[in-house]
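Hello,

Here is the structure I promised to pass on to you. Have a look at it first, and then read my notes underneath.

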Amino acid sequence: MSRVLVIGCGGVASVAINKICQVSEVFSDLCIASRTVSKCDKLADELKGKTSTNITTAKVDADNTDEVIALINEFKPDVVLNVALPYQDLTIMDACLACKVPYVDTANYECEDTDNPEWRKVYEERCKRLGFTAYFDYSWQWAYREKYKEAGITALLGTGFDPGVTSVFTAYAQKHYFDEIHTIDILDCNGGDHGYPFATNFNPEINLREVSAPGSYWEDGHWVEIPAMSIKREYNFEGVGMKDMYLLHHEEIEALAANIPHVKRIRFFMTFGQSYLTHMKCLENVGMLRTDPVEFNGQEIVPIQFLKALLPDPASLGPRTVGKTNIGCIFTGIKDGKEKNVYIYNVCDHQECYREVGSQAISYTTGVPAMIGTMLVAKGLWNKPGVFTTDEFDPDPYMDALNKYGLPWVVDENPVLVD
Ligand code: NDP
């Protein structure tokens, strides 16, 4: 019986919280804490009577470590799940460290103010050293490894779908199908249609920062960076059909490159329709994706934050999104001296997710693994002192839980490869 503190109450959090409440035998007590406490209260009211998990709510500004520490001391959780934004990763990690409580999240640290000179200096040095320019990377959180180890607590990073499940698929392929994995292609396909000309499926600011950035992949021990959306492939996805997909930089590449021996190439592709790309290019061209403040009518506004206020709330897309997602990894390598190819993937239906927890499949495919990772840490199954990504634990209990809690997976041993 565990006490879990969930920080954040947006699209992903609401699925994770629904799922936590389905597993009351593990999660006896839940505190939902976020910046806007009315959202936490609303969700808690919806869930009361449907679960035997005891639910409380709290207001917290997770940018403020002392506030998080005070909340942890008051609620006394066995584990903290951070499903706020990547901007809060370090403040929440600091609070968990101070209170010696395990930490779990779904996305690696990203600095909100990319003009901050202190952050910029480290960032520019990293761009030169590693060869990719994304604003997010693991170095900030990997810097906590020794501190977490000394404190005897676990930090589990990136337990969403991608990153998260994709890295568990890799560990599973490594354990059961390969002696050596040589290439990994991570394919993220959203075949859903929400009927709006333009909307993002998760937090617009985080999403647009990610997809408008240069792409990159790992090859022969180093990063290769390319202009945004400049490598395009077509793939016929089970449950969805033929889609265009584009090579992006993605955070799990960094962890897999460090942790999977023998790997020669790792790429990440995401599907986008032409309308999405045209809108994004236009918004970028007119400056609406800028992350630095501009003065308008005597007031400072950050264009991408203003754009977020105009776009549909991702949490509101659930009732109107139809179609399926298909996310997985194609591995090539060697088993018993012979070449082998394996594709492990999940197909998820937007409307089925909506019927179960009131959300579209993007929040669902992130929120379910967030619950699973938290559950494995709480049960002591994924528990070792230090800071780890999901490829660094035994994948079997996680894979079983995916089947049990709504994200069943398929292994195809004769997949079509991506050229
Ligand atoms: P939302 O914008 O829907 O929700 C974010 C929540 O965090 C909101 O409730 C927000 O509060 C709260 N929050 C923001 N700042 C603070 C703060 N300073 N203190 C306390 N609470 C705060 O985001 P999503 O649910 O779409 O995404 C959540 C996380 O999941 C992100 O880190 C995202 O990167 C990650 N993600 C991971 C994926 C994966 O596969 N690994 C895929 C998709 C998302 P308020 O209501 O006041 O705004």
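Before we start, a word on names: helices (H or I, at least four residues) and strands (E, at least two) are DSSP runs, numbered from the N terminus. Please also keep in mind that this is a predicted model.

With that naming in hand, you can place proline 163, which sits in the loop between strand E6 (154–157) and H8. What kind of peptide bond joins aspartate 162 and proline 163? The bond there is cis, with omega at about 10°.

A second loop is worth a visit too. Aspartate 220 is found between strand E8 (215–219) and strand E9 (222–226). Its phi is near 50°, which is a positive value in a residue other than glycine.

Now for the ligand. There are 28 residues around the ligand, and those that come nearest are Arg35, Thr36, Lys39, Ala62 and Asn203. Sorted by class, this shell holds 13 nonpolar, ten polar and five charged residues.

Here are some polar contacts that you can look up on your screen:

- Lysine 39 has an N or O atom in its side chain that is 2.6 Å from an oxygen atom of the ligand.
- Glycine 10 uses its backbone instead: an N or O atom there lies 3.2 Å from a ligand oxygen atom.
- Glutamine 88 places a polar side-chain atom 3.3 Å from a nitrogen atom of the ligand.

How much of the ligand does the protein bury? Taken alone, the ligand exposes 930 Å², and the protein buries 93% of that.

Last come the helix pairs, which are good practice for reading angles.

Let's go back to H8, the helix that follows the loop of proline 163. Helix H8 (residues 165–176) packs with helix H15 (residues 396–404) at an angle of about 120°, and their axes are 9 Å apart. Why do we call this pair oblique? Angles from 65 to 115 degrees count as roughly perpendicular, and only those over 145 count as roughly antiparallel, so H8 and H15 are oblique to each other. Their crossing is left-handed.

Helix H1 (residues 11–22) and helix H14 (residues 361–378) have axes 7 Å apart and pack at about 50°. H1 and H14 are therefore oblique to each other as well, and the crossing of this pair is right-handed.

In the third pair, helix H9 (residues 204–211) and helix H12 (residues 303–310) cross at roughly 125°, and their axes come within 9 Å. That makes H9 oblique to H12. The crossing of H9 and H12 is right-handed.

Enjoy exploring, and write back with any questions!

Best wishes

Notes. Residues numbered from 1 in each chain as written. Predicted model: local features only at pLDDT ≥ 70, side-chain atom pairs only at ≥ 80, totals over all residues. Heavy atoms only, no water. Near = heavy atom within 4 Å. Polar contact = N/O pair within 3.5 Å; in protein donor to acceptor, adjacent residues only side chain to side chain. Areas by Shrake-Rupley, 256 points an atom, 1.4 Å probe, with all protein chains shown as cover. Nonpolar A, V, L, I, M, F, W, Y, C, P; charged D, E, K, R; others polar. Axes fitted to C-alpha atoms, helices over the stretch in contact; angles between N-to-C directions. Parallel < 35°, antiparallel > 145°, perpendicular 65-115°, else oblique. Left-handed = near helix turned anticlockwise from the far one by under 90°.
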